[in-house]
Amino acid sequence: MGWNLLFWLAICFPSNIALLASTFYQVLILSDLESDYINPFDAASRINYFVLPEFVGQGALCALCLFTGHWFMFLLTVPVTCYHLRLYVKREHLIDVTEVFRVLNAEKKYRIAKLALYLTVLIVTIFRILAAGRVILYSSKFEELDIRLNPIGF
């Protein structure tokens, strides 16, 4: 049961925080571009720097949830992973500097939707951490109770 807590606490929680922070940063850059606080080249280069690591992190998190048998988390993350894969295969994953203003609203809405999904995944992860910790806490209390009642161990 300790492996489940380790999975949620040491692997899923930091990766969810990283994905959430990356997407939030991209939304901020797009908002700055919309308000004309940053030029299109800087905005595109800053966003494109985070695109591939985000795609790899999302894919790794989805695959890890599949291989460890956490089906609800897998089903929650698989649509975004498939969409990322489609964008990468069609080579539409990077923002073009010359067309950034044309696709600004669509990119901003897409990243806000991803932000909402990553926030949902983070909340589910926090609940899973609490549930795994509670199971470990209760099982250790029952083991102590069993040792006190039957000191020989039979």
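Is K114 buried or exposed? Select K114 to find out, keeping in mind that the model on the screen is predicted. K114 has a relative accessible area of 4%, and because buried means under 20%, this lysine counts as buried.

**The surroundings of K114**

With K114 still selected, colour the chain by helix, and you will see that K114 lies in helix 4, which spans residues 104-149. Now add E54 to the selection and draw the line between the two side chains, where a polar contact of 2.6 Å joins K114 and E54. To complete the surroundings, show T23, V80 and H84 as well, since K114 touches these residues along with E54 once residues up to four places away in sequence are set aside.

**The whole chain**

Zoom out before going further, and follow the ribbon from one end to the other. The chain has four helices and zero strands, and reading along the sequence gives the pattern α-α-α-α. If you colour by relative accessibility, buried residues make up 32% of the 154 residues. A contact map is a useful companion at this point: among contacts between residues at least 6 apart in sequence, 80% join residues at least 24 apart.

**Q58 in helix 2**

Move next to helix 2, which covers residues 40-68, and select Q58 within it. Q58 has a relative accessibility of 1% and therefore counts as buried. Display T81 beside it, and the side chains of Q58 and T81 are seen to be joined by a polar contact of 3.2 Å. If neighbours within four places in sequence are left aside, Q58 is also in contact with L19, T77, V80, H84 and Y118, in addition to T81. Keep V80 and H84 highlighted while switching between the two selections, for both residues appear among the contacts of Q58 and among those of K114.

**The annotated segments**

Now select residues 55-83 and 115-137, which the unreviewed UniProt entry gives as "transmembrane region". For the segment 55-83, the chain is 93% helix and 0% strand, and the C-alpha atoms at its ends are 10 Å apart.

**The largest pocket**

Turn on a pocket or surface display for the next stop. Rolling a probe the size of a water molecule over the atoms shows where empty space is left. About 260 Å³ of space lies in the largest pocket. Its lining consists of 19 residues, and those closest to its centre are E92, H93, L94, I95 and E107, so centring the view on these five is a convenient way to find the pocket. Which helix gives the most to the lining of the largest pocket? Helix 4 does, with four residues, while helix 2, helix 3 (71-89) and helix 4 each supply at least two. Colouring the lining by class shows eight nonpolar, two polar and nine charged residues.

**Two loops with positive phi**

Where is R91 found? R91 sits in the loop between helix 3 and helix 4, and its phi is positive, at about 60°, although the residue is not a glycine. With a relative accessible area of 71%, R91 is exposed. Go back along the chain to D36, in the loop between helix 1 (2-34) and helix 2, where a non-glycine residue again has a positive phi, here of about 65°. D36 has 62% relative accessibility and so counts as exposed.

**Two partly exposed helix residues**

From D36, step along to R46, which lies in helix 2 and, at 38% relative accessibility, counts as partly exposed. Show Y25, I29 and I38 around it, as these are the contacts of R46 when neighbours within four places in sequence are left aside. Drawing a distance between C-alpha atoms for R46 and I29 gives 7.8 Å, for residues that are 17 apart along the chain.

For the last stop, select I123 in helix 4, a residue that is partly exposed with a relative accessible area of 43%. Add N16 to the view and draw the C-alpha to C-alpha distance, which is 9.7 Å, although I123 and N16 are 107 residues apart in sequence.

How values were computed: Residues numbered from 1 in each chain as written. Predicted model: local features only at pLDDT ≥ 70, side-chain atom pairs only at ≥ 80, totals over all residues. Heavy atoms only, no water. 1 Å grid on protein atoms, 1.4 Å probe; cavity = no way out; pocket = protein on both sides within 12 Å on 5 of 7 lines; lining within 4 Å. Points joined across faces, edges and corners; volume = space filled by probe spheres on them. Nonpolar A, V, L, I, M, F, W, Y, C, P; charged D, E, K, R; others polar. UniProt positions renumbered as here; feature names shortened; annotations may be inferred. Buried < 20%, exposed > 50% of the residue type's maximum accessible area, 1.4 Å probe, protein only. Polar contact = N/O pair within 3.5 Å; in protein donor to acceptor, adjacent residues only side chain to side chain. Contact = heavy atoms within 4.5 Å.
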